[in-house]
Amino acid sequence: MIHTLEWTDSGVVFIDQTKLPTEETYVTCTTHQQVADVIRNMVVRGAPAIGVAAAMGVALGVKNSKADNCVLLQNEFNQICGTIRQTRPTAVNLFWAIRRMQEKFERLRDGRECGPHAIEQIKRALVEEAQRMHAEDIAANQAMGRHGATLMPASGGVLTHCNAGALATAGYGTALGVIRAAVEQGKKIHVYADETRPFLQGSRLTAWELMKDGIPTTVISDNMAGAMMKQGKIGAIVVGADRIAANGDVANKIGTYTVAVLAKEHGIPFYVAAPISTVDLETADGSGIPIEQRNSREVTHIAGKQMVPDGVEVENPAFDVTPAKYVAAIITERGVARAPYERSLRELAEKAA
Ligand code: MRU
């Protein structure tokens, strides 16, 4: 069992994903500012994990508050949410989680002028809410796995991009959850993991967690994916998502779009696995999804060694948008959505959990 993040009595504990695969070390955050830092620095990453981390960060901030009345606590609460909101812009799970904590806080406060006793109750309830979100995420991934496993081939290669596994969630994974469930059903799957430049989530993280599970895995550099498809080695593709617009356009790790276009050319189904919390019905299509631009050093340096001459211009968008027309199906915990996604995603979002 991989413990991506956990609420403990001494703080929120994260496996340090910047150190994998060579070191398995853990970071303990005791303040919400520290949680914001680990999200920004990618100690924790992956949309669902970022969401749960954000909820735990809010709970931690409130727990640390010295406010003795609800007006002061409300002010602090808003600042805590503001700090965490500023970390990474693309994964909608971050904003979804903060909103859920805000709604919980408002319900608990219920417009009251409360004192120390009520504040203690609010603190406890917010911690419980964040822990509930952790448990719900694992359950959602397992349900997604059950829905998606039937779409996987009985045997052969399945390609994935980035890391949409246990490390990107509270546990089990979205895309890797689908693969895990298919393997649990007896399917003989061999995973092809794109290394995923520049941050190498595929080679460092996907390969690490699949190795731990004994699922056969081959790491390829990103530019090999097309050749593998042409050689007939890939029967299906499954990736995660950071935000899915109402029309089914999918923002995911940079390079996903390239994989989807290649899949179309080779007649290979391209699946997206994501919880309903990743579906953003307020954003009509992919053009409205904010794309995080990260530090150019992630491109210019590999493991601290400079690979690009000084002064050369560099781009580093962390995500791209795959138009819905390339997506064969979107696998959620509530079922599988197919085109037209405007209708199918809305139906799933409105379906009782
Ligand atoms: O920059 P990252 O590592 O946070 O990006 C992660 C991805 O793009 C994942 O594919 C996505 O969040 C889905 S994780 C279940």
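**View 1. Accessibility of two tyrosines.** In this predicted model, Y257 counts as partly exposed because its relative accessibility is 36% (partly exposed lies between buried, under 20% relative accessible area, and exposed, over 50%; 1.4 Å probe, protein chains only). Y326, with a relative accessible area of 17%, is buried. Residues are numbered from 1 along each chain as its sequence is written, and side-chain values use heavy atoms, with hydrogens and water left out. Local features need pLDDT of at least 70 and side-chain atom pairs count only at pLDDT 80 or more, whereas totals for chains, interfaces and linings use all residues.

**View 2. Aromatic pairing of F77 with F105.** The whole structure holds two aromatic pairs (Phe, Tyr or six-membered Trp rings with centres within 6.5 Å; stacked under 30 degrees between planes, edge-to-face over 60, otherwise tilted). The ring centres of F77 and F105 lie 4.2 Å apart with their planes at 5 degrees, so this pair is stacked. F77 belongs to helix 3 (residues 70–85) and F105 to helix 4, and the pair thus links distant parts of the chain, 28 residues apart (helices are DSSP runs of H or I, at least four residues; strands are runs of E, at least two). Both F77 and F105 are buried.

**View 3. Aromatic pairing of Y257 with Y326.** These two tyrosines form an edge-to-face pair, at 6.2 Å centre to centre and 75 degrees between the planes. Y257 lies in helix 9 (residues 256–266) and Y326 in the loop between strand 14 (319–322) and strand 15 (329–332), so the pair ties together parts that are 69 residues apart in sequence.
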